[in-house]
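Biologist: Please take one residue of this model and look at it closely. I would like its place in the chain, its surroundings and its contacts in one connected account.

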Amino acid sequence: MGKIAFVFSGQGSQYSGMGKSLYEIGTAAKKLYDDAEEVRPGTMKQSFEGKDEELKITANTQPCMYLVELAAALMLNEKGIYADGVAGFSLGEIGALAYAESYSYLDGFKIVTSRGQFMNDASDPENAAMCAVLKLDSETVTKTAAEFDKLYAVNYNCPGQTVVSGLKSSMPAFEEKVKELGGRCIPLAVSGAFHSPFMSDAAEKFEAELANYAIATPKIPVYANLTAKPYGDEIAQTLKMQMQSPVKWQETIENMIADGFTDFIEVGPGKTLLGLIKKISKEVNVYSVENAETLLETVEAVKNNA
């Protein structure tokens, strides 16, 4: 076995009940949730019992997902499995940095709560939209999006899947153009044009908020969405730019593989990142941990492959 990576899930894979079984079985997970509850009362109820509509609100999604992601990572540690490096998709990067000890787990929770609120405030469902473009290469999608008013290619997920973000009124004509080119658009159930210039005001507020925290250089490599390379010392600036810039996920995974990572464990709800990684490389092992059951399955599988 080569190096193990934990990859922290992105927004959109949340569901009611996430994290509950981890909270019930793990010392570290329980402390994480209990500490967070003192800062943001009601977070556990939202995570464990919240309705889908409530959990889809960005200001709720991000703190709830941060907890289940970090809880899954800490429970892997309790079972003797540690990451040699980490990456997170969008909001997942906040948890990845916390795991790498750039700030405390509780500060990470405060940071992601602020991030979620700023992005929620900047959301404009009447005028902004996002869609995933399938079956076209990223260069074609990037070039095509640029032909339309305030549309941007923002998430380079894997071969044949690129997300476009921007002005809602530009989307119908863009979707027609994509269809002509042999591609397919899938609208995303989001309330804002994330990772685009539409988030510039939110990013400025986030940078100011980050100045309130002591942020250290990660103790293990954290691959940044912004650069697809490990973080250096400019953590606050990188996090600010990440909010309004494309997520280079495919390049990130390719760089991690080139750096010797062979086993990727998605920590957090769903298996979205696992699906993307499988499309990027058939040569690596992928696992997921989102609850007590998958924790035990993954621990056994990883140790058997060691």
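Modeller: The account below goes from the whole chain to a single serine and its contacts.

This is a predicted model. The protein chain holds 14 helices and nine strands. Its radius of gyration is 18 Å, close to the 19 Å that the globule rule gives for 306 residues, so the chain is as compact as a globular protein of that length. Along the principal axes, the C-alpha atoms fill a box of roughly 50 × 40 × 40 Å. Of the 306 residues, 54% count as buried. The chain exposes about 12700 Å², and carbon and sulfur atoms supply 50% of that area.

Serine 196 is the residue chosen here. In sequence, serine 196 sits in the loop that runs between strand S6 (184-187) and helix H10 (200-210). Its relative accessible area is 0%, and because the cut-off for buried is under 20%, serine 196 counts as buried.

The side chain of serine 196 has a polar partner in the backbone: it reaches the backbone oxygen of alanine 193 at 2.7 Å. Once neighbours within four places in sequence are set aside, serine 196 is in contact with Tyr152, Val154 and Ser165, and also with Met243, Gln244 and Ser245.

For the chain as a whole, 74% of the contacts between residues at least 6 apart in sequence join residues at least 24 apart. As for charge, the chain carries 28 positive and 41 negative side chains, and the centres of the two sets lie 3 Å apart.

Technical notes: Residues numbered from 1 in each chain as written. Predicted model: local features only at pLDDT ≥ 70, side-chain atom pairs only at ≥ 80, totals over all residues. Heavy atoms only, no water. Helix = DSSP H or I, 4+ residues; strand = E, 2+ residues; numbered from the N terminus. Rg over C-alpha atoms; globule rule 2.2 N^0.38 Å. Buried < 20%, exposed > 50% of the residue type's maximum accessible area, 1.4 Å probe, protein only. Contact = heavy atoms within 4.5 Å. Areas by Shrake-Rupley, 256 points an atom, 1.4 Å probe, with all protein chains shown as cover. Lys, Arg positive; Asp, Glu negative; His and termini not counted. Charge placed at Lys NZ, Arg CZ, Asp CG, Glu CD. Polar contact = N/O pair within 3.5 Å; in protein donor to acceptor, adjacent residues only side chain to side chain.
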